[in-house]
Amino acid sequence: MPSKFCAAPFLHSFVSTHGKKFLCCWATRWSYDDRWSNDTDFDLEDWEGEDYQKIREHMLEGEGWLPACGECKQLEDLGQQSLRQWFDQVWEENGKPSLNVVNGNSFGVPISYDLRFNNLCNLSCRMCMPESSSQLAKEAERHPDIWPNWQEHSEEFKVALSSDKDIEWILEEAQFVRVLKILGGEPTLQPQAKQLLQKLIDVGNTNIDLKITTNGTNVNKEFYDLITQFKNVRVGVSIDTHPDRLAYIRGGANGKKIWENIQKISELSWADQYHISTTQVIVPYNVFDFWELGQLAYETPWIDQHYSEVVYEPYYQSIVYMPEKWKQKAIDIAKENECYENEIHIFNAMMSHDENIELMKQLKSHTQLTDFARNKYLKDYHPICHDMLEDIQ
Ligand code: SF4
């Protein structure tokens, strides 16, 4: 295999909230290299289509990274685990089914899915986008200044985001599913998530690797009655900062209630193996105190694991572009609190790019407008980030 071979185009289908299919959740969702479709979108709707075949050929015979795979490249350059490596594991753990250019693998259909059925969500997180949250989509309609790009989307796109998707094509192949990730929006609110889980139970395919990412705001009985019947479940609760500060970053969230819900989820009657983790994304708002959540998670017996990762897009929400002196301050604070070593992957990623003050000005303006619209102010939750933005002229 070429050194940068990735099994994703042979095994996996990612479906976005607006119903389009892409290589995976990390791959850039368009092509920007002349060798690839002359700046037009990849068309990955047809598993056996021309673009898929071209990408698979590259994976089997080409050298170097596919242009869309910058995020995997970046992490591997930093010596960190990439999604590409995870897909290699999926392929190996499922007996290395033979791969082919035309329909991917010996089953002829994806065996791994990452599904986002629509953008229905009850929260409006600061680093999220209207494409993934119906609350943010409403905010974008009310306050175009905050979300200037939203108005460029067609009505068709907006309707597609919120509408129920046809999942017949997955239901028909339910017996071949080996890995299933369901995200949102908020999956516990989505009828299609329940429909697919029920179908997998009906065909007896409950021994899959099932991963649910939820915001933890509710423990929906109907949803959890379904997922507790699966034999290998990972529930990742997205909670980006200490519960006491959560209401700022995750608009509409009640941190205390979410923390209680994590315990309730752990106490359900699980059929077999399950893991509950907290997952946290690091943005400039929480970079000076994010490790408080990791400390709390490590002390909490019903949480199996805690994950933290850097946000790269939107660019203005990425810590990699912060001013160098404030990056150093974040490192100093983590060291003072003896959290630097535990979170060194975050700080290494942060130092991997040069500062970009124009992007930080964009963050400042976006933050001020959003704070005003929501009547929630950064200085009351993350005062050091507030000082950093004040310092940017
Ligand atoms: S190399 Fe990474 S970004 Fe590219 S398809 Fe594979 S997992 Fe996705």
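1. Let's start with the secondary structure. In this predicted model, the protein holds 17 helices and twelve strands. Contacts over long stretches of sequence are well represented: of the contacts with a separation of 6 or more, 71% join residues 24 or more positions apart.

2. On overall shape, the C-alpha trace spans about 55 × 50 × 45 Å along its principal axes. The radius of gyration is 21 Å, and a compact globule of 393 residues would come out near 21 Å, so the two agree. Of the 393 residues, 39% count as buried.

3. Next, the domains. The domain assignment gives domain 1 as residues 8-110 and domain 2 as residues 115-391. Their centres, taken over C-alpha atoms, are separated by 24 Å. Domain 1 brings twelve residues to the contact, and domain 2 brings 20 residues. On the domain 1 side, the residues that touch domain 2 are five nonpolar, six polar and one charged.

4. Now to the ligand, which has 14 residues around it; Cys6, Cys24, Cys69, Cys72 and Arg84 come nearest. By class, the shell divides into eleven nonpolar, one polar and two charged residues. For anyone reading the cysteines here, please note that Cys is counted among the nonpolar residues in this division.

5. Which helices each supply at least two residues of that shell? They are α3 (70-77) and α4 (83-93). The largest share, three residues, comes from α4. You may like to have both helices in view when looking at the ligand, with Cys72 and Arg84 among the residues that come nearest.

6. Cys6 deserves a point of its own, as one of the residues that come nearest to the ligand. Cys6 sits in the segment before α1 (8-11). Is this residue buried or exposed? Cys6 is buried, because 28 other C-beta atoms lie within 10 Å, and 20 or more are enough for a residue to count as buried.

7. As for the neighbours of Cys6, leaving out residues up to four places away in sequence, Cys6 touches Met59, Cys69, Arg84 and Phe87. Two of these names return from the ligand shell: Cys69 and Arg84 are among the residues that come nearest to the ligand. For a sense of distance across the model, Cys6 and Gln190 are 184 residues apart in sequence, and their C-alpha atoms are 31 Å apart in space.

Definitions and conventions:
Residues numbered from 1 in each chain as written. Predicted model: local features only at pLDDT ≥ 70, side-chain atom pairs only at ≥ 80, totals over all residues. Near = placed C-beta within 6 Å. Helix = DSSP H or I, 4+ residues; strand = E, 2+ residues; numbered from the N terminus. Domains from an automatic or database assignment. Contact = placed C-beta atoms within 7 Å. Buried ≥ 20, exposed ≤ 12 C-beta atoms within 10 Å, placed from the backbone. Rg over C-alpha atoms; globule rule 2.2 N^0.38 Å.
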